[in-house]
Amino acid sequence: MKPRVLKGIVETRTALAGAAGLGLVPTMGALHDGHGRLIEAARRESAVVVTSIFVNPTQFNQASDYEQYPRDLAADVEFCAARGVDFVFAPEAAEMYPDPPLTTVEVAQIGDGLCGRYRPGHFRGVATVVAKLFHIIQPERAYFGEKDAQQLALIRRMTADLNMPVEIVPVPTVRDASGLAISSRNRRLNPRERAAAPVLYQALSAAAARVAAGETDPDKVKAVALEILGCEPLIRVEYLELVDPERMQAVERISGPVRAAAAMWLGETRLIDNVLCSPPK
Ligand code: AMP
């Protein structure tokens with residue numbers, strides 16, 4: 001069965017009115033197996049599954065990045081149909097933002113470092129659009145990938161702080177056989193960049209191994225990962241940090257689980273990834 005595609009907010013509220021056990025998977029489309037895993041989790045746990053497909057202009061810092069973002073609604077609807085999605089909410093930007101919003105959601109601290117430092121305003125855009133989606137769709141549960149760990153931590157905190165009646169469900173990162181986290185941006189890589197890209201996960205995994213072996217100095221752990229990344233001349237590291245998994249702040253000493261999180265550039269393409277690192281018991 002094909003999902004019903006909803007484009008208007010009023011139409012969506014009417015279609016979903018009274019639906020119990022609603023699971024929402026927010027996406028920007030160009031759906032791949034990473035999104036697929038979120039949808040499958042939602043399908044297992046929810047009576048009604050809604051996938052939103054919205055390339056949110058307010059979370060892009062560069063107009064060119066927004067314009068170039070891949071869009072193929074017909075293919076995405078097919079993807080959703082194959083996974084038993086009931087509704088696809090795919091509004092136009094003018095439907096979501098009839099006027100530039102004067103009200104936005106800002107989550108302090110969590111959004112400041114890592115990607116927030118290099119993409120000013122990005123997380124304000126993310127938090128605001130997710131809050132809007134929650135108000136429009138009113139899901140019981142919403143599914144987010146650990147691939148975007150900072151986004152996940154931020155949405156969890158927003159939901160708790162603002163008493164939004166939504167359970168946030170984390171889904172582990174889906175990787176290809178090389179270890180590379182699946183992302184719609186991977187398709188922008190040329191063959192040489194694509195061959196270099198798995199080094200990011202290798203570096204983060206090496207960091208996790210060092211933490212598992214008992215290293216407590218974050219600088220020493222970072223050095224291991226940076227050395228691996230440094231062997232690949234095509235890679236430009238934007239950041240690599242060890243952060244506490246809730247606040248996403250850099251730690252001074254490793255005394256519990258931390259996330260090794262990094263962003264890097266391969267040519268014109270920016271890739272992010274992270275790995276949870278647990279010290280020995
Ligand atoms: P996006 O369409 O890139 O905004 O992603 C929509 C959702 O899918 C977010 O919650 C992402 O964290 C999640 N996601 C994207 N790629 C992956 C992946 N490789 N593994 C798990 N979740 C993912």
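Strands β2 (residues 22-27) and β5 (residues 141-145) pair in the parallel sense over 2 bridges; strands are DSSP E runs of at least two residues, helices H or I runs of at least four, numbered from the N terminus, and pairing requires at least two DSSP bridges. The model is predicted: local features need pLDDT of at least 70, side-chain atom pairs count only at pLDDT 80 or more, and totals for chains, interfaces and linings use all residues. Residues are numbered from 1 along each chain as its sequence is written, and side-chain values use heavy atoms, without hydrogens and water.

In β5, A142 is the bridge partner of L24. Strand β6 (residues 167-171) runs parallel to β5, joined by 5 bridges. Here F144 has P170 as its bridge partner.

Of the 5 residues of β5, 5 are buried (under 20% relative accessible area, 1.4 Å probe, protein chains only), so the strand is largely enclosed by the rest of the structure. R141, Y143 and G145 point one way, A142 and F144 the other. In a regular strand the side chains alternate between the two faces of the sheet.

The largest nonpolar core (buried Ala, Val, Leu, Ile, Met, Phe, Trp, Tyr and Cys joined through side-chain atoms within 4.5 Å) holds 44 residues. F89, M96, F134, I155 and M158 touch the most other members. Helix α7 (residues 122-137) gives the most, with 10 residues. Domain 1 (4-171) and domain 2 (184-277) both contribute, so this core lies between them; the domain bounds come from an automatic or database assignment. Apart from it lies another core, of 27 residues, including L200 and V251.

Terms used: Buried means under 20% relative accessible area, exposed over 50%, partly exposed in between (1.4 Å probe, protein chains only).
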